[in-house]
Number of protein chains: 2
Amino acid sequence: MSAATFEEMSASDFFYRNRDIAGLSNPSRSIFVAIREAVENSLDAAESEKIPPDIYVRLSFEAEATQDTQVYKLRVEDNGCGIQPRFIPSAFGQVLYGSKYKLKQARGTFGLGGKMAVLYGQITTHQPVSVTSSTGQEKIYSFKLMIDIQRNKPIILDRKVLINKDNWHGTIIEFTLEGDYLRAMPKIIEYFKQTAMVNPYANLTFVDPKGRLYKFTRATTAMPDPPKETMPHPYGVDVELLQRLILITECTTMTGFLRQHFHRVGEVTATKFLDFAKIQANKNPKKLTHEEIVRLMQNLKKYKDFLPPDASCLSPLGEELLKAGVMKELNPEYLVVHQRKPSTYEGHPFIVEMAMAYGGNVPKRDNFVIYRFANKIPLLYDEASDVAYRVISNMNWKRYKVSPEMPIAIVVHICSTKVPYKTVGKEFISDRPEVRREEANALREVARQIQHFLARKEHVHNEKKRLSIFSKYLPKIAEFSTTLAGETRKPDIEKLLKSVQKYGTEEE
Amino acid sequence: MSAATFEEMSASDFFYRNRDIAGLSNPSRSIFVAIREAVENSLDAAESEKIPPDIYVRLSFEAEATQDTQVYKLRVEDNGCGIQPRFIPSAFGQVLYGSKYKLKQARGTFGLGGKMAVLYGQITTHQPVSVTSSTGQEKIYSFKLMIDIQRNKPIILDRKVLINKDNWHGTIIEFTLEGDYLRAMPKIIEYFKQTAMVNPYANLTFVDPKGRLYKFTRATTAMPDPPKETMPHPYGVDVELLQRLILITECTTMTGFLRQHFHRVGEVTATKFLDFAKIQANKNPKKLTHEEIVRLMQNLKKYKDFLPPDASCLSPLGEELLKAGVMKELNPEYLVVHQRKPSTYEGHPFIVEMAMAYGGNVPKRDNFVIYRFANKIPLLYDEASDVAYRVISNMNWKRYKVSPEMPIAIVVHICSTKVPYKTVGKEFISDRPEVRREEANALREVARQIQHFLARKEHVHNEKKRLSIFSKYLPKIAEFSTTLAGETRKPDIEKLLKSVQKYGTEEE
């Protein structure tokens, strides 16, 4: 009998062979993903230092490739924090290498997207990526790189150092890739539009292959506080994490260990918990046995009295910024926004923000227009698979006298240190009970307010109708009565009209 | 300004941190995934050698963990081809290491699932996995392993060699994991049921934690031919693949290179193509410039006269086996099956098989019951995201006089050297136009046949009704006429009844 033979594969090779799962499934989608990943890295790089982002994206036509695809050059410039030269090669030429492996809110979370875009460019056009960056110090560094896919290592083809006269900081990347811009265009423009909506403090410029300029100017320079790094919450740990912490800890007691490495665990909580878990408070964590580590983990999940994660590590939009963003893009007749209190799933804090807009530039369709965002990035694909879609579909809309044919847009934003994406391509949020509950509650709140608005709107409408009847017939009646009475001077009916007018018509 | 700091991450670490994307999102799902991955590896190991699979799965309760989860031990035994001892540690203790990186049809495709299940067991219970295997030679090898997640390497804790007296071949794995069997149970039983449906040559035994025995006995020992390994088709290549082939090739001319390394390219096609692409036929492939490689790739995609991939590398079920499987599980009143001709997407061959069953044990619901399979594995999650669901929903059923309330089950099977899964967790097939088209055509074909059946069924029903009216009133009329005529002997109405009976009532 012949047995199977085996081989090893690098992470880069794995994602190269399975690029569908990173969203690079066809020439149109790939152009979209490349632009999106670059823009998101740029936004993160600016926001981490509270710099109002200025991002310039240019996609230019290079050559025809096949019947449906062309070769394009993509250039993205930002004014972010920049990258230190020693990190540049791996940051763009090595899959699973990045700055995003910390417990904090960021747009990118997989350390994958940017490299996958570069990799896709390489396998379709065989050209290197060029990266120029400075952290604002004296020098600007410029690299030409390719990826050794089988070994998952960057290949440095060229390296230049320039003098940074103006203390410029930021990053410029440029690479070529094959794609189908014509088919991708609607999604790309929509992407910029929606990104501008939830990042109203960013300047976004996009020049497309036809030379058309799309400019989204910031509505404010007020920036939310950058997200902070945080420690793991006791509810979210597993054995592997415990072992890693035990390996690096300098604490010599369990009380110290818990206080030092876990989110919201103080002296009192640590002591009470160790009592609950029947682990000695002064035991050295490095001396825990395998069984004790497992018991520690199980008890961390069981113990009821840990404080919930606090959300200071999260950077939600806030109701004001959300309002400003939606007003700018949709200019609705009526708008309500609502931010939920922080909640958690598996020890990860998250916040749901929701907006509901009526009328104005909201497009009329057979169904609600849904805008989905996660950590301030728009999600444009696979709407029907997203938990938000299910929450909206399952809502009892009749109760709120709202119907899907109305010109209503619903905006959902979830921010978290770990957004529960279902796919590496970040297309949609998985159906976690905690997320579903928060979204449903937020939706009920905005729906209630829309219901009030609609009721008042209807009332005003009826009132206007009633008044218009009065004001149509009263003058006739007055005229007729005057003639009948043989008078020549008509009575003043203005007073009379005012008296039947109830309230509210001017409110509009 | 402080710039970002960077770190590297192993593939194992990546999937550990993002285990949601491999389907391990909660304790119930994780139990399901662990069983599924083990069963699929076992089926592949038996099928590759055309051995009718005997697979024994036992899940046993070990201890309570938290409120909702328990610790279980999972043991899976198979009679497959076995694994050579030198490959065992990495095959179970290293992510992205496997036998599945070849261009051939297999259940597992990511080289990920089995290790992820073991990894999940380790991070929840801190116990090693034990693997015992033999390829049927003199010895049986037994290992105890853990995974070094940060380095993505196996740690061998124990290794034993035993004498293989009975020339046993197969693999036994056993590990503990935390999970929620009660909630996972319905899906797990359904998984075995559906696996039995499309693998009617397999014996499957499952003993659950309550000691209940589920046995699915094979209906046939006829096995489909094992899938063959194949070469890449010219339409599916990219620059990276070309470079890898150039690196390993021993051919010194382009004609030889194309014939040697590509699917369905012979002397004539190679010569014609090189003429089309304006590349010299006797050029040494190792001397191609970067630009020539890119041009070669673009032309491989452009050239219209390559033969389509042949499907000898695929192992579909075939209409007979599909029929047998569905009959065994659903025992329907009427069943049609249809296999489409091979088709391709991006150079990957695939075949769609479809069955439609009416009545019998088909459950009655508000909508069709859909069974989805890919390379003979059942897909049980995220139905609404699957291309098959969309094809079925978009069908004009009225045309076929079929309504979703009828007791109708639809079975879709797609087999391919590369199933276009949308997620690493293999939950659903992405919406590729080629796949959509094939599924729609297959569906129309079976729907047409069901329509004929339903028409005949209705006709027979009406006929029966008509006859029953005759047979009810004719005797009365006969009796009445007899009395009226003063006769005592009633006329023979059997002949009369036969004459009004048209056809078909006995067919039932």
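**Exercise 1: The sheet in chain A**

Work out the strand order of the open sheet in chain A and find which strands stand at its edges.

*Solution.* Keep in mind that this is a predicted model. Start with the strands: 8 of them make up an open sheet in chain A, and the order is β7-β6-β5-β8-β3-β2-β9-β10. The pairing in this sheet is mixed. Next, look at the two ends of that order. β7 (153-163) and β10 (213-216) of chain A each have a single partner strand, so one side of each has no neighbour in the sheet. Finally, check the twist: on average, neighbouring strands here are turned by 15° against each other, direction ignored.

**Exercise 2: Following β3(A) to its partners**

Find out how β3(A) pairs with β2(A) and with β8(A), and pick out some residues that stand opposite each other.

*Solution.* Take the β2 side first. Strand β2 (residues 54-64) of chain A pairs with strand β3 (residues 70-78) of chain A in the antiparallel sense, over 8 bridges. These two strands form a hairpin, with 5 residues between them. To see the pairing up close, find Val57(A): opposite this residue, in β3(A), stands Val76(A).

Now turn to the β8 side. β3(A) and strand β8 (residues 169-179) of chain A run antiparallel and are joined by 9 bridges. Gln70(A) stands opposite Gly179(A) in β8(A). Val71(A) has Glu178(A) in β8(A) as its bridge partner.

**Exercise 3: Two helices across the sheet**

Describe how α2(A) and α4(A) lie across strands of chain A, then decide whether α2(A) is parallel or oblique to α4(A).

*Solution.* Step one is the sheet. α2(A) lies across β2, β3 and β8 of chain A and runs at about 10° to β3(A). α4(A) lies across β3, β5 (129-135), β6 (139-148) and β8 of chain A, at about 40° to β8(A).

Step two is the helix pair. The axes of helix α2 (residues 27-47) of chain A and helix α4 (residues 113-125) of chain A come within 9 Å and cross at roughly 140°. That angle makes α2(A) oblique to α4(A). As for the hand, α2(A) passes α4(A) in a left-handed crossing.

Step three is the contact itself. From α2(A) come Ser30(A), Val33(A), Ala34(A), Glu37(A), Ala38(A) and Asn41(A), and they meet Gly113(A), Gly114(A), Ala117(A) and Tyr120(A) in α4(A). Sorted by class, the residues of this contact are 5 nonpolar, 4 polar and 1 charged.

**Exercise 4: Another helix pair**

Give the angle, the hand and the residue classes for the packing of α6(A) with α9(A).

*Solution.* Begin with the geometry. Helix α6 (residues 239-248) of chain A packs against helix α9 (residues 290-302) of chain A at an angle of about 115°, and their axes are 9 Å apart. This crossing is right-handed. Then list who meets whom: Val239(A), Leu242(A) and Gln243(A) in α6(A) meet Ile293(A), Val294(A), Leu296(A) and Met297(A) in α9(A). By class, that contact has 6 nonpolar residues, 1 polar and no charged ones.

**Exercise 5: Where the chains touch**

Find which elements of chain B supply the side that touches chain A, and see how a strand of chain A pairs with a strand of chain B.

*Solution.* First, the count: 59 residues of chain B are in contact with 60 residues of chain A. Several elements of chain B each supply at least two residues of the touching side, including β1 (7-8), α1 (11-17), α4 (113-125) and α6 (239-248). α9(B) gives the largest share, 6 residues. Sorting the residues of this side of chain B by class gives 26 nonpolar, 23 polar and 10 charged.

Last, the strands. Strand β4 (residues 97-98) of chain A and β1(B) pair in the antiparallel sense over 2 bridges. Within this pair, Glu7(B) in β1(B) is the bridge partner of Gly98(A).

**Exercise 6: The domains of chain A**

List the domains of chain A and say how far apart the C-alpha centres of domain 3 and domain 4 lie.

*Solution.* Walk along the chain: domain 1 (11-216), domain 2 (234-302), domain 3 (311-448) and domain 4 (454-507). Then take the C-alpha centres of domain 3 of chain A and domain 4 of chain A, which lie 44 Å apart.

Note on methods: Residues numbered from 1 in each chain as written. Chains lettered and ligands numbered in written order. Predicted model: local features only at pLDDT ≥ 70, side-chain atom pairs only at ≥ 80, totals over all residues. Domains from an automatic or database assignment. Pairing = 2+ DSSP bridges. Helix = DSSP H or I, 4+ residues; strand = E, 2+ residues; numbered from the N terminus. Contact = placed C-beta atoms within 7 Å. Nonpolar A, V, L, I, M, F, W, Y, C, P; charged D, E, K, R; others polar. Axes fitted to C-alpha atoms, helices over the stretch in contact; angles between N-to-C directions. Parallel < 35°, antiparallel > 145°, perpendicular 65-115°, else oblique. Left-handed = near helix turned anticlockwise from the far one by under 90°.
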